[in-house]
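Hi there,

Here is the structure I promised to pass on to you. Have a look at it first, and then read on for my notes on what turned up in it.

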Amino acid sequence: MARPASSARALHDILERVIEARSKGNSSWSKAWASVFGAGLTTPEFARAHAETTVLLAETVEDMQQLSAERRARYESYLPAWWTAVVRPRQDWAAEGTAPTPLLAPSDLDHLAACADLIEDGTSNVAPANPHSVEILQRGVDYLLGVVQEAGDIPATVREQLVADFRHVRWLLDHVDTYGVEHATRAFERTSTRVVTAAAEPSAQGNQGLTTVMFTVLTILVLLLGAAADLAAVVEGVHNIVGLGAGDASVHEIVAEVYEVCVPEALEEGAFDHERFQLPPGSEPGSPDSPRELGPGQSDRSAHDDNSEHTETVEEGDR
């Protein structure tokens with residue numbers, strides 16, 4: 001089964017599967033929904049799965065705003081039918097019978113599919129360009145969970161929120177065939193915004209944990225764009241986002257490590273172009289020479305100056 005390319009497509013596919021499940025022997029709509037979600041109606045798992053379905057509807061409404069005014073007005077007229085199908089406010093889900101009230105008219109379902117076509121053809125809110133986006137996100141989120149949990153300098157409340165957010169993204173990735181790559185990516189982007197906001201707080205200045213998490217999420221976002229074919233291009237992409245100079249060794253080290261985690265097969269295939277972009281010693285994954293950690297407020301240039309002073313002292317002693 002192809003993964004949904006937009007939230008509208010994921011919503012359409014879920015409703016289609018519920019309707020099909022009802023027609024194939026489930027005696028009530030609650031049992032049909034439960035068969036699709038693989039969880040009983042009164043379980044936390046069902047509540048979580050259905051809550052994500054309502055988010056898909058909200059994201060569909062958001063994506064429709066990018067359609068032309070005429071098309072938007074046309075498809076917005078079907079929103080009440082789509083909403084009713086998701087929440088069934090006037091129907092008893094537990095009611096059993098051989099002739100159930102339709103969940104959604106066939107024409108309403110068809111228009112949801114057509115709306116998904118338009119969204120996928122004409123907006124940016126679709127699955128990421130990188131064909132390996134699911135694998136990149138899975139590896140990246142697993143890595144981020146470890147980084148966040150081990151960073152003792154991240155405030156406890158911030159750390160707990162980030163762990164919860166990344167676990168939610170991981171859950172969506174485990175159910176990507178249902179909710180789609182784009183839905184999981186949106187959740188990751190929301191968490192990324194939270195990370196950048198936390199790192200920008202005056203109280204977070206010098207917080208190495210938040211800085212590492214921030215550059216990690218930025219690296220993953222650049223990888224999802226699909227335009228960065230090698231490590232050098234990813235480094236440049238991250239620098240373009242934050243406006244850093246090309247000589248920031250500490251950033252290079254973070255980006256290189258994340259690249260190694262998320263796309264290890266690219267390194268095996270020689271995707272890193274040494275001639276095109278020269279990283280500082282130790283920035284390339286696997287290098288035995290790792291750049292020393294910079295102190296608070298110390299730039300890469302100041303670290304170089306420290307080494308220069310040490311060299312001059314040694315030379316004077318030799319003389």
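Helices α1 and α3 cross in a left-handed way. This is a predicted model, so please read everything below as computed from it. The axes of α1 and α3 come within 8 Å and cross at roughly 135°, so the two helices are oblique to each other. On the α1 side, the contact is made by Ser-7, Ala-8, Ala-10, Leu-11 and Ile-14. On the α3 side, Thr-53, Leu-56, Leu-57, Glu-59 and Thr-60 take part. Sorted by class, the contact of α1 with α3 has 6 nonpolar, 3 polar and 1 charged residues.

Helix α1 has another partner, α6 (residues 106-122). Here the axes are 8 Å apart and the angle is about 155°, which makes α1 roughly antiparallel to α6. This crossing, too, is left-handed. From α1, the residues that meet α6 are Ala-8, Arg-9, Leu-11, His-12, Leu-15, Glu-16 and Ile-19. They face Leu-109, Leu-112, Ala-113, Ala-116, Asp-117, Ile-119 and Glu-120 of α6. The residues of this contact divide into 9 nonpolar, 1 polar and 4 charged. If you want to follow α1 from one partner to the other, try Ala-8 and Leu-11: both are listed in the contact with α3, and both are listed in the contact with α6.

One more residue to look at beside α1 is Thr-178, which lies in helix α9. Is Thr-178 buried or exposed? With a relative accessible area of 17%, Thr-178 is buried, because the cut-off for buried is under 20%. Leaving aside residues up to four places away in sequence, Thr-178 touches Pro-4, Ala-10, Ile-14 and Arg-17. Ala-10 and Ile-14 also belong to the α1 side of the contact with α3.

Next, helix α2 (residues 29-37). How many of its 9 residues are buried? The count is 7, and α2 is described as mostly covered. The buried residues are Trp-29, Ser-30, Ala-32, Trp-33, Ala-34, Val-36 and Phe-37. What covers them includes α1 (7-23), α3 (44-64), α5 (79-87) and α9 (176-179). After α2 comes Gly-38, with a positive phi near 70°.

The loop between α2 and α3 holds Leu-41. Leu-41 has 38% relative accessibility and so counts as partly exposed. In sequence, Leu-41 and Ser-30 are 11 residues apart, while in space their C-alpha atoms are 6.4 Å apart. Not counting residues up to four places away in sequence, Leu-41 touches Ser-30, Ala-34, Phe-46 and Trp-93. Of these, Ser-30 and Ala-34 are among the buried residues of α2.

Further along the chain there is a pair made of α7 (residues 133-150) and α8 (residues 156-174). Their axes come within 10 Å and cross at roughly 160°, which makes α7 roughly antiparallel to α8. The crossing of α7 and α8 is left-handed. From α7, the contact uses Leu-137, Gln-138, Val-141, Asp-142, Leu-144, Leu-145, Val-148 and Gln-149. From α8, it uses Arg-159, Leu-162, Val-163, Phe-166, Arg-167, Val-169, Arg-170 and Leu-173. By class, there are 10 nonpolar, 2 polar and 4 charged residues in the contact of α7 with α8.

Leu-137 also leads to Thr-185, which sits in helix α10 (residues 181-200). These two are 48 residues apart in sequence, and their C-alpha atoms are 8.1 Å apart in space. Thr-185 is buried, with a relative accessible area of 7%.

Now for the cysteines. How many disulfides does a search of the whole structure find? The search finds 0. Cys-115 is buried at 0% relative accessible area, and Cys-262 is buried at 1%.

Finally, the chain as a whole. The protein chain has 15 helices and 0 strands. Buried residues make up 45% of its 319 residues. Taking contacts between residues at least 6 apart in sequence, 66% join residues at least 24 apart.

Happy exploring, and write back whenever you like!

Best wishes

Definitions and conventions: Residues are numbered from 1 along each chain as its sequence is written. This is a predicted model: local features need pLDDT of at least 70, side-chain atom pairs count only at pLDDT 80 or more; totals for chains, interfaces and linings use all residues. Side-chain values use heavy atoms; hydrogens and water are left out. Axes are lines fitted to C-alpha atoms, for helices over the stretch in contact, and angles run from 0 to 180 degrees between N-to-C directions. Helices (H or I, at least four residues) and strands (E, at least two) are DSSP runs, numbered from the N terminus. Angles under 35 degrees count as roughly parallel, over 145 as roughly antiparallel, 65 to 115 as roughly perpendicular and the rest as oblique. A crossing is left-handed if the near helix is turned anticlockwise from the far one by less than a right angle, and right-handed if clockwise. Contact means heavy atoms within 4.5 Å. Ala, Val, Leu, Ile, Met, Phe, Trp, Tyr, Cys and Pro count as nonpolar, Asp, Glu, Lys and Arg as charged, and the others, Gly among them, as polar. Buried means under 20% relative accessible area, exposed over 50%, partly exposed in between (1.4 Å probe, protein chains only). A disulfide is a pair of cysteine sulfur atoms within 2.5 Å.
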